[in-house]
Amino acid sequence: MAIDEKATNLQGKNPQRKYMWYTNMSMRRYAPIIVLQLCILSGEPVAAKVPALLVFGDSTVDTGNNNYISTVVRSDFAPYGRDLRLGNGQPTGRFSNGRLTVDFISEAFGLPPLVPPYLDPSANMSSLASGACFASAGAGYDNATSDLMSVLTIWKELDYFKEYAAKLRSFQGEEKAQETLTEALYLVSMGTNDFLENYYAVPHGHGNAAKYPTAAAYGGYVLGVAESFVRALHALGARKVDLNGMPPMGCLPMERTLGGACTEEYNAVAEDYNAGLRAVIDRLNGELGGARIVYGDVYGPVSDALAHPAAYGLENVEVGCCGATWRFEMGYLCNARTPLTCADAGKFAFWDAIHPTERLHRALADAKMNTTLHVFL
């Protein structure tokens, strides 16, 4: 049984057993990762099996593209980024107090510790050749979801990637660029906005969502778009893909009940979607020549951190660090004048009402490297 499949089968069962499974896997699987990180710290060269990290998705992986488009979904202001030491505590457009999962994954592969946003006018091909982010906060697989917030659709993200690939060929030469594009890791993470910002938030859903009577039926549509997107990436040369599932979205601060409990209806939708995504991945791996697509388990690691906060150095997993109510603040509602923002975000799982803190992002990256992404080392 594959590692990620076993982790998935433990979901919904004894949480202590699942925690022990992750701990045991850490003992057996972290060795190559630790060696790689020691090489990075010592300055020794690391053989790069993954020469670049290319990122597509929503706010959980957007490293700053929304700074350069006309949208209200932005985080290029304090206190966002206040703990980003590599950025001198300045806001970068990341929806967190510090680095994101993709930044930690990039570093684990021996690549730069911050993945640059493709739309940053100051970024050049020297920096983008080892990684580029095309993600847009607020985006979904459903174009109608992205249109709600005037952000990049998934297909616009793909258009920017095509533009990037052409620039890379000019910069590296055809042969070297083809090697980079073939050996790069393509990370895709979105889907939550399709449900929370569209299907459930808008009466009867917006656009395509309005056509489906149940969340499960709409989930089938979203999965179809995800599959089409990966097929499009493959046609453009992608061979290593990390296709991420959804988190326990009912446990996000904004979606918890007034009593603080997770909204289990939303979690059930996420689990059903994730099961469907694994089936999509199995099909793609069987049909796309030369491709290796892995299921990026977000649900399991986040659930584990929320169930066992002390093991992750966390003290608060129910509300966000930023805000006065700690349940609704995000984006412009989380700003430098927001009262009662916590002093130590490292003790919180969530930075605002939706997004993880740097600490939770790091834990998620560690879990992913430990269970699925290590196959690309």
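The questions below concern strands, single residues and a surface patch in a predicted model.

Q: How many of the residues of strand 1 are buried?
A: Strand 1 covers residues 53-57. Leu53, Val55 and Gly57 point one way from the strand, while Leu54 and Phe56 point the other way, and all are buried. The count of buried residues in strand 1 is therefore, with buried meaning under 20% relative accessible area, as follows: 5 of its 5.

Q: Which residue of strand 2 stands opposite Val55?
A: Strand 2 spans residues 131-133 and runs parallel to strand 1, joined to it by 3 bridges. Within this pairing, the residue opposite Val55 is Cys133.

Q: Which residue of strand 3 stands opposite Leu53?
A: Strand 1 also pairs with strand 3, residues 185-189, in the parallel sense, over 5 bridges. Leu53 is one of the strand 1 residues that are buried. Its opposite residue in strand 3 is Leu185.

Q: Is Lys240 buried or exposed?
A: Lys240 is found in strand 4, residues 240-244. Its relative accessible area is 13%. Because the cut-off for a buried residue is under 20%, Lys240 counts as buried.

Q: Which side chain forms a polar contact of 2.8 Å with the side chain of Lys240?
A: Beyond its neighbours within four places in sequence, Lys240 is in contact with several residues, including Val50, Ala184, Tyr186, Arg292 and Phe376. A polar atom of its side chain lies 2.9 Å from the backbone oxygen of Lys49. The 2.8 Å contact is between side chains, and the partner of Lys240 in it is Glu183.

Q: What is the approximate area of the nonpolar surface patch that includes Met149?
A: Met149 sits in the loop between helix 5 (143-148) and helix 6 (154-172). With a relative accessible area of 31%, Met149 is partly exposed, and the requirement for a patch residue is over 30%. Val72 and Leu148 make up the patch together with Met149, and its area is about 230 Å².

Q: What is the relative accessibility of Met369, and is this residue buried or exposed?
A: Met369 has its place in helix 12, residues 358-371. Its relative accessibility is 3%, so Met369 counts as buried.

Q: How many Å separate Met369 and Ala108 in space, C-alpha to C-alpha?
A: In sequence, Met369 and Ala108 are 261 residues apart. Met369 belongs to helix 12. In space, the C-alpha to C-alpha separation of Met369 and Ala108 is 8.0 Å.

Key
Residues numbered from 1 in each chain as written. Predicted model: local features only at pLDDT ≥ 70, side-chain atom pairs only at ≥ 80, totals over all residues. Heavy atoms only, no water. Buried < 20%, exposed > 50% of the residue type's maximum accessible area, 1.4 Å probe, protein only. Helix = DSSP H or I, 4+ residues; strand = E, 2+ residues; numbered from the N terminus. Pairing = 2+ DSSP bridges. Polar contact = N/O pair within 3.5 Å; in protein donor to acceptor, adjacent residues only side chain to side chain. Contact = heavy atoms within 4.5 Å. Patch = residues over 30% accessible without salt bridge, like charges linked within 9 Å, V, L, I, M, F, W, Y side chains within 5 Å. Areas by Shrake-Rupley, 256 points an atom, 1.4 Å probe, with all protein chains shown as cover. Salt bridge = Lys/Arg side-chain N within 4 Å of Asp/Glu carboxyl O.
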